[in-house]
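Please open the model in your viewer and keep the sequence panel beside it. The stops below say what to select next and what is to be found there.

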Amino acid sequence: MTRPDFAVDEAAADAIAELFNIGMGEPAAALSVMVGEPVVLSVPSVTVARRADIAADVVPAVGAAAPVCAVLGSFRGPFSGEAMLVFPAGAGLALVDRLVPGGADGPDGETARDALTEIGNIILNGCLASFANLVEGEVESGVPCYRAGPADQVIGTAADPVLFVRIDMALESGLSHGRALFLLEIASLDSFRDAVRRLVGGAAA
Amino acid sequence: MTTVLVVDDSRLAREMVSGAIAALHPDWTIVTAVDGDDALNRLAEAAPAAALVDFNMPGMDGLTLAGHLRERMPQLPVGILTANVQDALRRKAEELGCRFIPKPVTVDKIRTFFTGAGL
């Protein structure tokens, strides 16, 4: 893994956050239809942190050992990196139960694996696809895989700092909540800046 | 002189919206604000003829801000800009009498908003 480029100034961080904000719109709407209630999204944040810190922050009261269910996938394009949709285990199973009533069969169960992989696919690949369309680029993403276990085993413990985008999502009823994380290596900040410039120019054209 | 208020926490988004407005009406004044409180403070600068407000902002969200703007200027046309294209949010915006404008913003969407607002 190449070292992420940390020469990300405030304007670039702002642009990244806004592009992911737009990218999450359609997939959140799709999830909202599936669960039959509004899905509340946070304002995206762009931060540098260690994987260990990211893992410890999923359920802050429990820390890195907190049981989680997650869907993870890698992607390549103007941004390359890793996309994750992470749920505290109880919240993930509550979501499974909403989608497949009575079907939540534990974090390692087949139903949980199928349902959360599909949700992860919709959210993560939907967001990356919108993002790619916005910057008129192409983002290739692999098939996401499902993992359940302690947060640090699922997310990793590497001490290298990574640049990541975080968007929290919750069902309006409070039944379930999770977090979309995009760990970024910026392949080419210049090509990203060009894409943003085209986007601003396109809106004004 | 027509003034339009643009409220978004993202600089990129403010630039995109301002660029679209300037493309349609180069002579209009655009006042930008970074959040709800900033927007309410800027109302004194010049009474806007319309406001374009992001929904997903830190602090006060766009619908809350739209409510405050409407209290002070009941006739003000307000467009809610959002990537959050869920029907529930669209309904809430329309209940407040606001136009729902899905992001990304384009010149056509802004033109439609202004036309609907009689500007």
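Is B:Ile110 buried or exposed? At 0% relative accessibility, B:Ile110 counts as buried, because the cut-off for that class is under 20% relative accessible area. Please bear in mind throughout that this is a predicted model.

**Stop one: helix H5 of chain B**

With B:Ile110 selected, you are in helix H5 of chain B. If you display its surroundings and set aside residues up to four places away in sequence, the residues that B:Ile110 touches are B:Ala20, B:Ile21, B:Leu24, B:Leu52 and B:Val105. One of these, B:Leu52, is 58 residues away from B:Ile110 in sequence, while the C-alpha atoms of the two are 9.1 Å apart in space.

Next, move to B:Pro104, which sits in the loop between strand S5 (99-102) and helix H5 (107-116) of chain B. Show the backbone here, since the peptide bond that joins B:Lys103 to B:Pro104 is cis, with omega at about 0 degrees.

**Stop two: helix H3 of chain B**

Select residues 62-72 of chain B, which form helix H3, and colour B:Gly62, B:Leu63, B:Leu65, B:Ala66, B:Gly67 and B:Leu69, which are buried. The elements of chain B that cover these buried residues include strand S1 (3-7), helix H2 (36-42), strand S3 (50-54), S4 and H4. At the N-terminal end of H3(B), add the side chain of B:Asp61, which caps the helix: one of its side-chain oxygens lies 2.9 Å from the backbone nitrogen of B:Leu63.

**Stop three: from the S4-H4 loop along helix H4 of chain B**

Now select B:Gln86, in the loop that runs between strand S4 (78-82) and helix H4 (87-95) of chain B. B:Gln86 is buried, with a relative accessible area of 2%, and its side chain is joined to that of B:Asn84 by a polar contact of 2.9 Å. Which residues is B:Gln86 in contact with, leaving aside its neighbours within four places in sequence? They are A:Ala28, A:Ala29, A:Ser32, A:Pro38 and A:Val39 in chain A, together with B:Phe100 in chain B.

Helix H4 of chain B also holds B:Glu95, which is exposed, with a relative accessible area of 66%. A distance drawn from B:Glu95 to B:Leu12, C-alpha to C-alpha, comes to 28 Å, and the two residues are 83 apart in sequence.

**Stop four: where H1(A) meets H1(B)**

Keep B:Leu12 in view and select helix H1 of each chain, residues 10-35 in chain A and residues 11-24 in chain B; the two helices pack with their axes 7 Å apart, at an angle of about 75 degrees. That makes H1(A) roughly perpendicular to H1(B). From H1(A), the residues to show are A:Ala11, A:Asp14, A:Ala15, A:Glu18 and A:Leu19, which meet B:Arg11, B:Leu12 and B:Ala13 of H1(B). Sorted by class, the contact of H1(A) with H1(B) has five nonpolar, no polar and three charged residues.

**Stop five: the helices around H4(A)**

Stay with H1(A) and add helix H4 of chain A, residues 110-134: the pair packs at an angle of about 145 degrees, with axes 8 Å apart, and H1(A) passes H4(A) in a right-handed crossing. Among the residues that make the contact are A:Leu19, A:Phe20, A:Gly23 and A:Met34 of H1(A), and A:Ile119, A:Gly126, A:Phe131 and A:Leu134 of H4(A). By class, the contact of H1(A) with H4(A) divides into 15 nonpolar, three polar and no charged residues.

Then add helix H3 of chain A, residues 89-99, which packs against H4(A) at an angle of about 90 degrees, with the axes 10 Å apart. That makes H3(A) roughly perpendicular to H4(A). Here A:Gly92, A:Leu93, A:Leu95, A:Val96 and A:Leu99 of H3(A) meet A:Thr111, A:Ala112, A:Ala115, A:Leu116 and A:Ile119 of H4(A); by class, this contact has eight nonpolar, two polar and no charged residues.

**Last stop: A:Glu37**

Finally, select A:Glu37, in the loop between H1 and strand S1 (39-41) of chain A. Is A:Glu37 buried or exposed? At 10% relative accessibility, A:Glu37 counts as buried. A polar atom of its side chain lies 3.1 Å from the backbone nitrogen of A:Glu172. Not counting residues up to four places away in sequence, A:Glu37 touches A:Ser32, A:Arg98, A:Leu171, A:Glu172 and A:Ser173.

Technical notes. Residues numbered from 1 in each chain as written. Chains lettered and ligands numbered in written order. Predicted model: local features only at pLDDT ≥ 70, side-chain atom pairs only at ≥ 80, totals over all residues. Heavy atoms only, no water. Axes fitted to C-alpha atoms, helices over the stretch in contact; angles between N-to-C directions. Helix = DSSP H or I, 4+ residues; strand = E, 2+ residues; numbered from the N terminus. Parallel < 35°, antiparallel > 145°, perpendicular 65-115°, else oblique. Contact = heavy atoms within 4.5 Å. Nonpolar A, V, L, I, M, F, W, Y, C, P; charged D, E, K, R; others polar. Left-handed = near helix turned anticlockwise from the far one by under 90°. Buried < 20%, exposed > 50% of the residue type's maximum accessible area, 1.4 Å probe, protein only. Polar contact = N/O pair within 3.5 Å; in protein donor to acceptor, adjacent residues only side chain to side chain.
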